[in-house]
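Reader: Hi! Could you walk me through this one with me? I'd like to start with the pockets and then chat about the charged pairs.

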Amino acid sequence: PIFTDETNYIDWGYRATHARGHLFYPLYDAKQPLIMWLFGLSQNFISDPLLASRLISVLFGLVTLVGLYKISGPLAASLYTLVPIFVFFDRQALMETPLSAIGVWSAYFLLRFLEQPIYKYSLSLGTILGLGFLIKSNALLFTFSALTLIAITAIRDSKNRLILINHTILMITTAILINLPMLMQPIFWKNIHLTTQYSPTLSDVSQVPLSQWWKNTTGVLDISFWHLTPPIFLLSLWGMLKAPKHHRPLLAFTLLPLVALIFSAKFIISRYVAPFLPLTIIFTSISLAQIKNS
């Protein structure tokens with residue numbers, strides 16, 4: 001059956017793409033419009049709006065799967081299709097699966113950018129991160145994590161520091177330009193305060209809400225343990241502990257968004273955690289490969 005938020009997003013997508021002057025209609029609820037545009041456009045080809053919109057998520061699930069294959073290989077991609085939390089959300093007309101695709105492909109281009117900072121990778125990474133924010137504000141956690149790893153690399157690598165800085169500026173500029181039409185909408189700035197329903201303000205953070213952070217931590221672990229399934233979760237932890245040195249940047253990019261989520265969320269539910277879990281499957285595949293080799 002249709003989920004309540006799906007009804008909103010499908011309707012807003014139809015209004016945005018079929019009613020004149022309503023292109024940024026989702027901003028009235030402080031929701032970025034990109035995926036809703038796709039929901040609306042898909043209804044031009046399939047008469048059932050629920051089927052049309054859910055197929056968009058199915059396609060983004062495929063995009064996520066291809067990204068995992070590109071990063072790690074067929075084992076991680078195959079495991080992705082078996083994990084309950086992905087099986088569920090990849091069939092819902094929500095923003096979570098598109099956000100999963102953003103996280104996986106951000107990792108793909110970030111790893112290449114750190115190895116070889118060239119225009120191709122900085123532009124690609126900026127484009128992916130920019131599209132992520134045009135989907136949902138939570139994509140900023142991927143941006144934060146990417147910038148953190150780039151900063152650490154720049155500090156360690158004095159030889160390429162200036163190159164990394166220049167390409168990072170290009171990356172950020174690309175992301176901003178992609179979002180510029182949305183940022184120019186007065187309604188975006190008028191309703192941005194509505195995001196405080198889900199994220200704490202600076203005033204909230206300054207009070208150091210340790211109990212909330214602990215609750216978020218246990219929530220993330222509980223959801224990860226049960227919804228990834230215990231074997232996948234435990235094998236993933238083992239893979240992280242035994243990951244080769246060249247996988248450390250990927251490990252950092254896998255964990256940093258989850259840590260950032262703990263400190264930036266007012267509450268934790270499986271829907272909010274799901275986009276930040278697909279990369280953990282890579283470490284499950286590493287564990288299985290090591291077991292096979294031994």
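Reader: Which residues lie nearest the centre of the largest pocket?

Author: Happy to help, and keep in mind that this is a predicted model. Nearest the centre are Ser137, Asn138, Thr195, Tyr198 and Ser199, out of 35 residues that line the largest pocket. Its volume is about 880 Å³.

Reader: Which helix gives the most to that lining?

Author: That would be α1, with four residues. At least two residues each come from α1, α8, α11 (202-206), α14 and α15 (270-273).

Reader: And by class, what does the lining of the largest pocket have?

Author: There are 20 nonpolar, 10 polar and five charged residues in the lining of the largest pocket.

Reader: What about the second largest pocket, how much space lies in there?

Author: About 600 Å³. It is lined by 20 residues, and Leu111, Leu114, Glu115, His246 and Pro249 are the closest to its centre. Here α6, α8 and α14 each supply at least two lining residues. By class, the lining of the second largest pocket has 10 nonpolar, four polar and six charged residues.

Reader: Let's turn to α8. What do its buried residues pack against?

Author: They pack against α6, α7, α9 (161-183) and α14 (248-264). The buried residues of α8 include Leu141, Phe142, Leu149 and Ile150. The helix has 17 residues and reaches 24 Å from its first C-alpha to its last, close to the 24 Å expected.

Reader: Nice. Switching to charges, how many salt bridges does a search of the whole structure find?

Author: Six. One of them joins Glu96 and Lys136, with the closest N and O atoms 2.7 Å apart. That pair links distant parts of the chain, 40 residues apart: Glu96 is in helix α6 (residues 96-115), and Lys136 is in the loop between α7 (119-135) and α8 (140-156).

Reader: Are Glu96 and Lys136 buried or exposed?

Author: Both Glu96 and Lys136 are buried. They also belong to a network in which salt bridges with shared partners join Asp5, Glu96, Lys136 and Arg271.

Reader: And where do Asp11 and Arg15 sit relative to each other?

Author: Both are in helix α1 (residues 4-18), and because they are four residues apart, about one helical turn separates them. Their side chains meet in a salt bridge at 2.9 Å, N to O. Asp11 is partly exposed at 32% relative accessibility, and Arg15 is partly exposed at 36%.

Reader: Last one: which residue does Asp29 meet in a salt bridge?

Author: Lys31, at 2.8 Å, N to O. Asp29 is partly exposed, with a relative accessible area of 30%, whereas Lys31 is buried at 12%.

Terms used: Residues numbered from 1 in each chain as written. Predicted model: local features only at pLDDT ≥ 70, side-chain atom pairs only at ≥ 80, totals over all residues. Heavy atoms only, no water. Salt bridge = Lys/Arg side-chain N within 4 Å of Asp/Glu carboxyl O. Buried < 20%, exposed > 50% of the residue type's maximum accessible area, 1.4 Å probe, protein only. Expected span 1.5 Å × (residues − 1). Contact = heavy atoms within 4.5 Å. 1 Å grid on protein atoms, 1.4 Å probe; cavity = no way out; pocket = protein on both sides within 12 Å on 5 of 7 lines; lining within 4 Å. Points joined across faces, edges and corners; volume = space filled by probe spheres on them. Nonpolar A, V, L, I, M, F, W, Y, C, P; charged D, E, K, R; others polar.
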